[in-house]
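User: I am new to this structure. Please take a close look at how its charged side chains pair up, and then set that in the wider fold.

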Amino acid sequence: MSTLATVRSYIETRVAAAFPGITIVYENVQETPPPLPYVICLIGYPSTTEPVLCQTESMIEQLRGNLQISCYADRGQGMKALEAMGVQAMIMMNRMYEWDSPVKVRCGQILGPSPVLGGAEPYALVTISCPFNAFV
């Protein structure tokens, strides 16, 4: 498995664990949104290679990425569900790093939750994002 796939798998597993019972939509997997509530997980890599100081196995030693979690719920039901899912996303980001894991993902400053409440769609959403560094 490539380094990018390893990091993506690690993050997606953590996202799924943070939202038990809620459908998680991953990038390039599903075109039709599932029933509400659901979460969209987006992972991007603005910088995939950093200088390798001590090459032992892989040419990629450190990845810089961005993680965005968008939480969708019914519109007009108040902010309780959206705020609860936003808090779960923030907790997951804060706990992403595990000392004993072979994949090390450390999240940076968390931005959000930013609500999107306008529009004609039958849903409202909050978005939470953060940069991360990953070491494999």
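Analyst: A residue is buried under 20% relative accessible area, exposed over 50%, and partly exposed in between (1.4 Å probe, protein chains only). This is a predicted model: local features need pLDDT of at least 70, side-chain atom pairs count only at pLDDT 80 or more, and totals for chains, interfaces and linings use all residues. Residues are numbered from 1 along each chain as its sequence is written, and side-chain values use heavy atoms, with hydrogens and water left out.

Start with the overall plan. The protein has two helices and six strands. These are DSSP runs, numbered from the N terminus: helices are H or I with at least four residues, strands E with at least two. Along the sequence they follow the pattern α-β-β-β-α-β-β-β. Of the 136 residues, 38% are buried.

Now the charged pairs. The structure holds three salt bridges. Each needs a side-chain nitrogen of Lys or Arg within 4 Å of a carboxyl oxygen of Asp or Glu.

Take Arg8 to begin with. Its side chain meets that of Glu12 in a salt bridge, at 3.9 Å from N to O. Both residues lie in helix α1, residues 3-18. They are four residues apart, about one turn of the helix.

Arg8 also forms a salt bridge with Glu27. Here the closest N and O atoms are 2.8 Å apart. This pair links distant parts of the chain. Arg8 is in α1, while Glu27 is in the loop between β1 (23-26) and β2 (38-47), 19 residues away. How open are these two partners? Arg8 has 25% relative accessibility, so it counts as partly exposed. Glu27 is partly exposed as well, because its relative accessibility is 31%.

The remaining pair is Glu98 and Arg14. Their closest N and O atoms are 3.0 Å apart. Glu98 sits in the loop between α2 (80-94) and β4, and Arg14 sits in α1, so this salt bridge ties together parts that are 84 residues apart in sequence. Glu98 is partly exposed because its relative accessible area is 30%. Arg14 is at 17%, so it counts as buried. Salt bridges with shared partners also join Arg8, Glu12 and Glu27 into one network.

Helix α1 carries Arg8 and Glu12, so look at its build. It has 16 residues and reaches 23 Å from its first C-alpha to its last. That is close to the expected 22 Å, which is 1.5 Å times one less than the number of residues. Several of its residues are buried, including Val7, Tyr10, Ile11, Glu12, Arg14 and Val15.

Next, the strands. Two of them pair if DSSP finds at least two bridges between them. Strand β6 (residues 123-135) runs antiparallel to β3 (residues 62-74), and 13 bridges join them. Along that pairing, Leu67 stands opposite Cys130. β4 (residues 104-107) also pairs with β6 in the antiparallel sense, over four bridges. Lys104 has Phe135 as its bridge partner there. Another four bridges join β6 to β5 (residues 111-116), again antiparallel. Ser114 is matched with Thr127. β5 and β6 form a hairpin with six residues between them. In its turn, Gly119 has a positive phi of about 110 degrees.

Pro131 gives a close view of β6, the strand that holds it. At 36% relative accessibility, it counts as partly exposed. Its C-alpha is 5.6 Å from that of Gly65, though the two are 66 residues apart along the chain. Beyond four places in sequence, Pro131 is in contact (heavy atoms within 4.5 Å) with Gly65, Asn66, Arg106, Cys107, Gly108 and Gln109.

What about disulfides? A search of the whole structure finds zero; one would need a pair of cysteine sulfur atoms within 2.5 Å. Cys41 is buried because its relative accessibility is 0%. Cys71 is also at 0%, so it too counts as buried.

Finally, step back. Among contacts with a separation of 6 or more, 63% come from residues 24 or more positions apart. The protein exposes about 8000 Å², by the Shrake-Rupley method with a 1.4 Å probe. Carbon and sulfur atoms supply 55% of that area.
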